[in-house]
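Here is a short set of exercises to work through at your own pace. Have a look at the sequence and the model first, then try each task before reading its solution.

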Amino acid sequence: MPEIVLVGRSNVGKSSLIRAITRGAADVRVGKRPGVTRKPVFHELDGELVLVDMPGFGFMSGVPRRYQERVKDLIVRYLEEKDNILFAIHVVDAKALPEIAERWERRGEIPIDREMFQFLNEVGLDPIVAANKIDKIKPIEFEEHMDAVAEALGLFPPWRQWLDTLFPISAKTGEGLVEFLEALQERVRKAGYPEFARFFRTK
Ligand SMILES: Nc1nc2c(ncn2[C@@H]2O[C@H](COP(=O)(O)OP(=O)(O)OP(=O)(O)O)[C@@H](O)[C@H]2O)c(=O)[nH]1
Ligand SMILES: [Mg+2]
């Protein structure tokens, strides 16, 4: 069965986003603590398309580094080996990402989200980015903040150059959800499955 895979750091809202885009049709566990989703979770839509909720990668407080490494390896191997993935949804915490990326860069490291985003592009998974939790960003800071989100992913600002790739959204308030659903419809059509657009109806 064709798959759409959701990847992202722990606690960014991957499970919440699945719940939002399927409007409760998928039974999804959402957690207060990072690391709630520990294995890929498969949500079948009408026995035709699978949404795959991957475990979160990156730092999680209270979780051994060994485990974090294993999760990252599992995700990379999964994405490399499967040939039925239509595209990937890369979920980021739009509020937290700029500061996290800056911390990595100050240490002379490549931010893990930039690395993942590049990897998804390299393996041809045509990633679409859900910049989640925008309800936590002050409206007056929104444009500048989204530029920083783009930059953290290695996309040159202004972020509005990337309107077909980067989608500000809140799984909590539903802001940006319609635009994101429309983009998913477009993506499944482009991938050769126009009939799957019905899974992403805007109402
Ligand atoms: N304010 C706000 N909180 C959100 C949003 N989306 C998710 N959350 C909260 O963020 C926390 C993590 O959400 P999950 O959906 O479990 O995140 P996840 O990416 O699946 O996490 P893992 O399974 O640990 O990788 C929960 O407390 C959610 O309620 C959002 O758009 N805005
Ligand atoms: Mg989860």
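The exercises below go from confidence to the sheet, then to a helix and the core.

This is a predicted model, in which local features need pLDDT of at least 70, side-chain atom pairs count only at pLDDT 80 or more, and totals for chains, interfaces and linings use all residues. Residues are numbered from 1 along each chain as its sequence is written, while chains are lettered from A and ligands numbered from 1 in the order in which they are written.

**Exercise 1. Find out how confident the predictor is.**

Step 1: Start with pLDDT, the predictor's confidence in each residue, from 0 to 100. The protein chain averages 90, and 92% of the residues score at least 70.

Step 2: Turn to the complex, which has an ipTM of 0.98 and a pTM of 0.94 from the predictor.

**Exercise 2. Work out the strand order of the sheet.**

Step 1: Know the terms. Helices (H or I, at least four residues) and strands (E, at least two) are DSSP runs, numbered from the N terminus. Two strands pair if DSSP finds at least two bridges between them.

Step 2: Read across the open sheet: its six strands come in the order β2-β3-β1-β4-β5-β6, with mixed pairing. At the edges lie β2 and β6 (166-168), each paired on one side only.

**Exercise 3. Describe how β3 pairs with each of its neighbours.**

Step 1: Take β2, which runs antiparallel to β3 and is joined to it by five bridges. Glu 44 stands opposite Val 50, and Leu 45 has Leu 49 as its bridge partner.

Step 2: Look at the turn. β2 and β3 make a hairpin with three residues between them, where Asp 46 has a positive phi of about 50°.

Step 3: Go to β1, which pairs with β3 in the parallel sense over four bridges. Here Val 5 has Val 52 in β3 as its bridge partner.

**Exercise 4. Decide whether helix α1 is enclosed, and by what.**

Step 1: Apply the cut-offs: a residue is buried if 20 or more other C-beta atoms, placed from the backbone, lie within 10 Å of its own, exposed if 12 or fewer, and partly exposed in between.

Step 2: Seven of the eight residues of α1 (residues 14-21) are buried, so the helix is largely enclosed by the rest of the structure. Among the elements covering these buried residues are β1 (3-8), β4 (85-93) and α6 (177-190).

Step 3: Check one residue. Ser 15 sits in α1 and is buried, with 23 other C-beta atoms within 10 Å. UniProt lists Ser 15 and Thr 37 for "binding site"; such annotations may be inferred rather than shown by experiment.

**Exercise 5. Explore the largest nonpolar core.**

Step 1: A nonpolar core is a set of buried Ala, Val, Leu, Ile, Met, Phe, Trp, Tyr and Cys residues joined through C-beta atoms within 7 Å. The largest one has 53 residues, and those with the most contacts inside it include Val 5 and Ala 130. β4 gives the most to this core, with seven residues.

Step 2: Follow Ala 130. Leaving aside residues up to four places away in sequence, Ala 130 touches Leu 17, Ile 89, Val 91, Phe 167, Ile 169 and Phe 180; contact here requires C-beta atoms, placed from the backbone, within 7 Å.

Note on methods:
Contact = placed C-beta atoms within 7 Å.
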